[in-house]
Amino acid sequence: MVKILKTDEQYDTAIDRRSKLNDIISESPEGTTKKETDELEILALVIGEYEKVHFPAGVKLRMKPCPFRHDKKELIVDIHRQQGYFVFCRICKASGPYGKGELEAVEIWNDRQKIT
Ligand SMILES: [Zn+2]
């Protein structure tokens, strides 16, 4: 059952589950059950809510897309306990460099995209 996300761990689990469901559905649209499509809808909702709180839209809007041409919506700002904040692509796992705050992480991410 899908629950409201309260921690980064729950968020990661939800993201994994969502990509698994997306795979199932894209591999066999006819074989998809209503339960699976319902679960995907609810997951999208709770993930969206979590992102609204933890990854403010203003920060995300200014982000340059992934250097490997993945959609901007696949980028998240995450935090590493020792190193700080970093931008991360969910598809290819491109990330970093680390910044002291979300804004700084986005700024150096953008700078790096200029170079590559
Ligand atoms: Zn990417």
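Which residue in β2 is the bridge partner of Ile76? The partner is Phe88, and that pairing is a handy place to enter this structure. Please keep in mind that the model is predicted. Its secondary structure consists of four helices and two strands, and from the N terminus on these elements follow the order α-α-α-β-β-α. The points below go through the protein topic by topic.

**The whole protein**

- Taken along the principal axes, a box of roughly 45 × 30 × 25 Å holds the C-alpha atoms of the protein.
- The protein has 116 residues, and buried residues make up 10% of them.
- Looking at contacts between residues at least 6 apart in sequence, 35% join residues at least 24 apart.
- The domain assignment splits the protein into domain 1, residues 1-55, and domain 2, residues 56-116.
- Between the C-alpha centres of domain 1 and domain 2 there are 22 Å.

**Helices α1 and α2**

- Helix α1 covers residues 8-27 and helix α2 covers residues 34-54; their axes come within 10 Å and cross at roughly 145°.
- The crossing in which α1 passes α2 is left-handed.
- On the α1 side, the residues that meet α2 are Tyr11, Ala14, Ile15, Arg17, Arg18, Leu21, Ile24 and Ile25.
- On the α2 side, the residues that meet α1 are Glu36, Thr37, Glu39, Leu40, Leu43, Val46, Ile47 and Tyr50.
- Sorted by character, the residues of this contact between α1 and α2 are 11 nonpolar, one polar and four charged.

**A closer look at Ile15**

- Ile15 sits in helix α1 and is one of the residues there that meet α2.
- Is Ile15 buried or partly exposed? Ile15 counts as partly exposed because it has 16 C-beta neighbours inside 10 Å, while a buried residue needs 20 or more.
- Setting aside residues up to four places away in sequence, Ile15 touches Ile47 and Arg90.
- Ile15 and Leu43 are 28 residues apart along the chain, and 8.3 Å separate their C-alpha atoms.

**The strand pair**

- Strand β1 (residues 75-80) and strand β2 (residues 84-89) run antiparallel, joined by six bridges.
- Together β1 and β2 form a hairpin, with three residues between them.
- The opening pair belongs here: Ile76 has Phe88 in β2 as its bridge partner.
- In a regular strand, side chains alternate between the two faces of the sheet.

**Trp109 in the last helix**

- Helix α4 spans residues 102-115, and Trp109 is found in it.
- Why does Trp109 count as buried? The reason is its 26 C-beta neighbours inside 10 Å, as 20 or more are enough for that label.
- Apart from neighbours within four places in sequence, the contacts of Trp109 are Met63, Lys64 and Val87.
- Trp109 and Cys89 lie 20 residues apart in sequence, and their C-alpha atoms are 11 Å apart in space.

**Backbone details in the loops**

- Gly96 and Pro97 are joined by a cis peptide bond, with omega at about 0°.
- Pro97 belongs to the loop between β2 and α4.
- Lys93 also has its place in the loop between β2 and α4, and has a positive phi of about 70° although it is not a glycine.
- Lys93 is exposed because 9 other C-beta atoms lie within 10 Å, and 12 or fewer make a residue exposed.
- Arg69 is found in the loop between α3 (57-61) and β1.
- The phi of Arg69 is near 65°, a positive value in a residue other than glycine.
- Is Arg69 buried or exposed? Arg69 is exposed, as 8 other C-beta atoms lie within 10 Å.

How values were computed
Residues are numbered from 1 along each chain as its sequence is written. This is a predicted model: local features need pLDDT of at least 70, side-chain atom pairs count only at pLDDT 80 or more; totals for chains, interfaces and linings use all residues. Two residues are in contact if their C-beta atoms, placed from the backbone, lie within 7 Å. Axes are lines fitted to C-alpha atoms, for helices over the stretch in contact, and angles run from 0 to 180 degrees between N-to-C directions. A crossing is left-handed if the near helix is turned anticlockwise from the far one by less than a right angle, and right-handed if clockwise. Ala, Val, Leu, Ile, Met, Phe, Trp, Tyr, Cys and Pro count as nonpolar, Asp, Glu, Lys and Arg as charged, and the others, Gly among them, as polar. Two strands pair if DSSP finds at least two bridges between them. Domain bounds come from an automatic or database domain assignment.
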